[in-house]
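Please open the structure in your viewer and keep a selection tool at hand. The stops below go from whole chains down to single residues.

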Amino acid sequence: MGKRLKAASAGLLILAAVSGSALAESDVWPQAAQEPGRLAVLQETKLQLPGNADKRKAAASIDPASGRAAVRAGVRAAEGSTGTFNAKLNADGLNETLTFRYTQSAGRRVPLPSPDLGYELHPLPDGQVLVEYASSLYKLNPDTKTLSPFLKAQTGSYRQGAGSSSKMIVWGKRASISPDGNVLLYWTTRSAAVSGREDGENWIKDLRTGEEKKVYGAGYTLLGWDTKNRFYLDLGDEGVVQVDRTGGSSAKLVTGSSVSAVSGTHLLSQTADGSLNLRDLSTGRVRTFRGGGLNHLRAASASYEGRYFAVINAPDRSSRVSTLILIDTKTLDSRTIAEPAGSSILGISWADSRHLLVQVRNRTTQAESTYTLEVEGEAKR
Amino acid sequence: MNRESLEKTAADAGRTMEKRKRILRGRRALLAVCALLACGAVSTVSAADYGARFLQQYGVKVSTAPAMTPARSDANGLMESYAPVESKTNQPRHVVSGTNPHNGADLAMASGERVYAILPGKVTEIKSDLSAQLGSVIVDHDIDGDGTPDGVYIQYVHIDPAGAGGTGLRVGDYVTETTVIGTVDRAKRYNPHLHIQQVSQSRSGASSSRTLPLYTLYRHTSSETWNAGSDLDYLSSDWQSGNRLYLTAYAATDNPRTQRYDRNAPAEIQLHYKIGAGGKWKMSPVRFSLYEAQTMRYRIDLRQATGARKGQDVYVYAAAIRASDPTFPASAAYRHGLWPQFYKQPDRVLYAASSARADQAARKFTIQ
């Protein structure tokens, strides 16, 4: 995937040291690869996400009498063909057939995340896939097309389907695998049957031993994992915490609300307009970045292995105008890039450690496209 | 009425609505409605009356804009996540507190889960009183992506607005689809969830504020997820073909017995009607029948149901009676949702005391 992306992208970005209020450049876009639609790369598979045009086609295809749509706005493989297969789920009182999309890669069937089909997918290290469906997690073997329960039906005093609660119980969802592939982090409300509290808890499952236990007491959004296999939760106004997956000990690294992102080595966070902090997750050293026209972050993104962060910056909070700022975590060199002429930046994500995907929408035609920017590590001062 | 004439009628109704919006929202809203009509929106008609809190949008072909979901499954906010629907707009409920029928849709999102703007737009109101999970944000959305808000207001309720305070979200901020506007509040009074509601005004609380259906923002969604947006509205997607009137109708609820989110068919859908402007209101002995089970689509033959002759005008409204389910017991006193939509527990028989309410609620059809 990395080679393909590199071949497709011509916009090589060399970060320059920030000097005061740098003006945003816009000459990078004509040199960058541009592809139609909204693209993202997940687990090395390049995906075409349903965009505005796909959704309009699906809406227009509805038969007014039956309400059925002839066209589906779904995820598909951006390269190669997209096929489907069915798998039966006979567990936990379910007797259903689920449809999965897949593409072929290196002779293997790779299921594609397809939220429009009613579930979430998470690849496992063994090539199989976790399926979040009906408030629990199931294991899909794409080769045998079989689905089976993945979480223990009883952990400690909690038993799945005990029926003792008048509230629905989420047994497991919001799954994430640690970078070393040894641990599954998931969220559950199983304790609500006892406590009546529905805020949920973070649990882990040791994929080597099968042991499951609670590691942190609340829900919240997973920002990501670091190279030491600690995970980071965005608690909203209560800050960002780092959680040790083994002992469950936690440390608050950011106080108060922030716009944050985590790579394997750094935590980026903005708590005040005009600056942002970069924390080295190994040493704990925090450096502050200013300049480059930085004002208010609308979004931030990091690749797991990359040394660069990308942020969508609002020079004026009340204006639709955004700039894209790329920041080198080692040197704090940066580059500020204006939006493509006539277009607005919708979102950003990393294809790999060096390739940034920038989704944009033309403000006149509403056409959506994705640029691939290659970010060079040799920063120039 | 064939499709062409229906669309002409719809266009006429749309022009009436444009006039209203011009008063309510100014010039930008007018442009938005023009854009809606150009995109195939059928019509939008006010059902304002004695205590109405809903502003009806009609049509199976109406699509305001293909919005993103407010929940996402990745930290970049790019992967949409279809949170199950616990309760729909205009759905009768059995609740101690809260609106009835429901004044918005409840999405089963987790405490602390990020809430994203469903379209770009400008923040017009932030409420940060979190004592009873009533923190909320209203965004005036930019439905055509041209950078200018279009007067389509969405209120996100039971959330902790992002960064309440000096550096957090502010009124006047422009947000994009990948901007976090808040997080789902923890359980205090209700279970954690996102209440999402389309409202007619940029600020909440005014008695003149109305609720609009949500399905027009999610017409692209699949039957496995939000069923062309109909998971978000108790009654939606009306369509007329010849003398047949079609509606999508069902309740959405969480089912603690099965641990599933259910789509529950109504016990029955009644048709109330009068023939001619001076006619007498009555309930038809004929009920809507299920036409398409997968999409929960119902239909009724207006000529057969009313006995009207070709060329006669019939005025109708429908009452969908919610069936009992684990969260809606047989003892529930208030069981019906109306199409066109009304609010504040309107009488199912709107003409019991006077025909005025039914006259205001009804839609007119000409029998073919």
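Begin by selecting chain A, in which there are 3 helices and 33 strands; bear in mind throughout that this is a predicted model. Along its principal axes, the C-alpha trace of chain A spans about 60 × 50 × 40 Å. A compact globule of 381 residues would have a radius of gyration near 21 Å, and the 22 Å of chain A agrees with that expectation. If you colour chain A by burial, 49% of its 381 residues come out as buried. Of the contacts in chain A between residues at least 6 apart in sequence, 45% join residues at least 24 apart.

Now add chain B and turn to the place where the two chains meet, a contact that takes 67 residues from chain A and 62 residues from chain B. On the side of chain A that touches chain B, the elements α2 (52–60), β19 (221–225), β27 (296–302) and β31 (343–350) of chain A each supply at least two residues. Colouring that side of chain A by residue class gives 27 nonpolar, 23 polar and 17 charged residues.

Next, hide chain A and keep chain B, which has 4 helices and 26 strands. Of the 368 residues of chain B, 60% count as buried, and among its contacts between residues at least 6 apart in sequence, 62% join residues at least 24 apart.

Give the two domains of chain B separate colours: the domain assignment places 51–63 + 220–366 in domain 1 and 71–216 in domain 2. The centres of domain 1 and domain 2 of chain B, taken over C-alpha atoms, are separated by 26 Å. Where these domains of chain B touch, domain 1 contributes 35 residues and domain 2 contributes 24 residues. On the side of domain 1 of chain B that touches domain 2, the elements giving two or more residues are β2 (55–58), β16, β18 (251–255) and β25 (336–339) of chain B. Of these, β18(B) gives the most to that side, with 4 residues. By class, the same side of domain 1 of chain B holds 16 nonpolar, 13 polar and 6 charged residues.

Stay with chain B and select the strands β16, β17, β23 and β22, which form, in the order β16-β17-β23-β22, an open sheet of 4 strands with antiparallel pairing. Which strands are the edge strands of this sheet? They are β16 (235–241) and β22 (289–292) of chain B, each of which pairs on one side only. Looking across this sheet, you will find neighbouring strands turned by 35 degrees against each other on average, direction ignored. Within the sheet, zoom in on β17 (residues 244–249) and β23 (residues 297–301) of chain B, which pair in the antiparallel sense over 5 bridges. There, Leu245(B) has Ile300(B) in β23(B) as its bridge partner.

Return to the edge strand β16 of chain B and select Ser236(B), which is found in that strand. Is Ser236(B) buried or exposed? With 32 other C-beta atoms within 10 Å, Ser236(B) is buried. Leaving aside neighbours within four places in sequence, Ser236(B) is in contact with Pro213(B), Tyr215(B), Gly229(B), Ser230(B) and Thr248(B). A distance label drawn from Ser236(B) to Thr216(B), C-alpha to C-alpha, should read 9.1 Å, for a pair 20 residues apart in sequence.

The next selection is strand β13 (residues 180–184) of chain B, where 5 of the 5 residues are buried, so that this strand is largely enclosed by the rest of the structure. Strand β7 (residues 114–116) of chain B pairs with β13(B) in the antiparallel sense over 3 bridges, and strand β11 (residues 159–161) of chain B is likewise joined to β13(B) by 3 bridges, running antiparallel. Centre the view on Thr183(B), which is the bridge partner of Arg114(B) and which also stands opposite Asp160(B).

Finish at Ser355(B), which lies in the loop between β25 and α4 (356–361) of chain B. Ser355(B) is partly exposed, with 17 other C-beta atoms within 10 Å. For a last distance label, choose Ser355(B) and Trp281(B), which are 74 residues apart in sequence and 7.1 Å apart in space, C-alpha to C-alpha.

Key
Residues are numbered from 1 along each chain as its sequence is written. Chains are lettered from A and ligands numbered from 1 in the order in which they are written. This is a predicted model: local features need pLDDT of at least 70, side-chain atom pairs count only at pLDDT 80 or more; totals for chains, interfaces and linings use all residues. Two strands pair if DSSP finds at least two bridges between them. Axes are lines fitted to C-alpha atoms, for helices over the stretch in contact, and angles run from 0 to 180 degrees between N-to-C directions. Domain bounds come from an automatic or database domain assignment. Two residues are in contact if their C-beta atoms, placed from the backbone, lie within 7 Å. Ala, Val, Leu, Ile, Met, Phe, Trp, Tyr, Cys and Pro count as nonpolar, Asp, Glu, Lys and Arg as charged, and the others, Gly among them, as polar. The radius of gyration is taken over C-alpha atoms; the globule rule is 2.2 Å times the number of residues to the power 0.38. A residue is buried if 20 or more other C-beta atoms lie within 10 Å of its own, exposed if 12 or fewer, and partly exposed in between; C-beta atoms are placed from the backbone.
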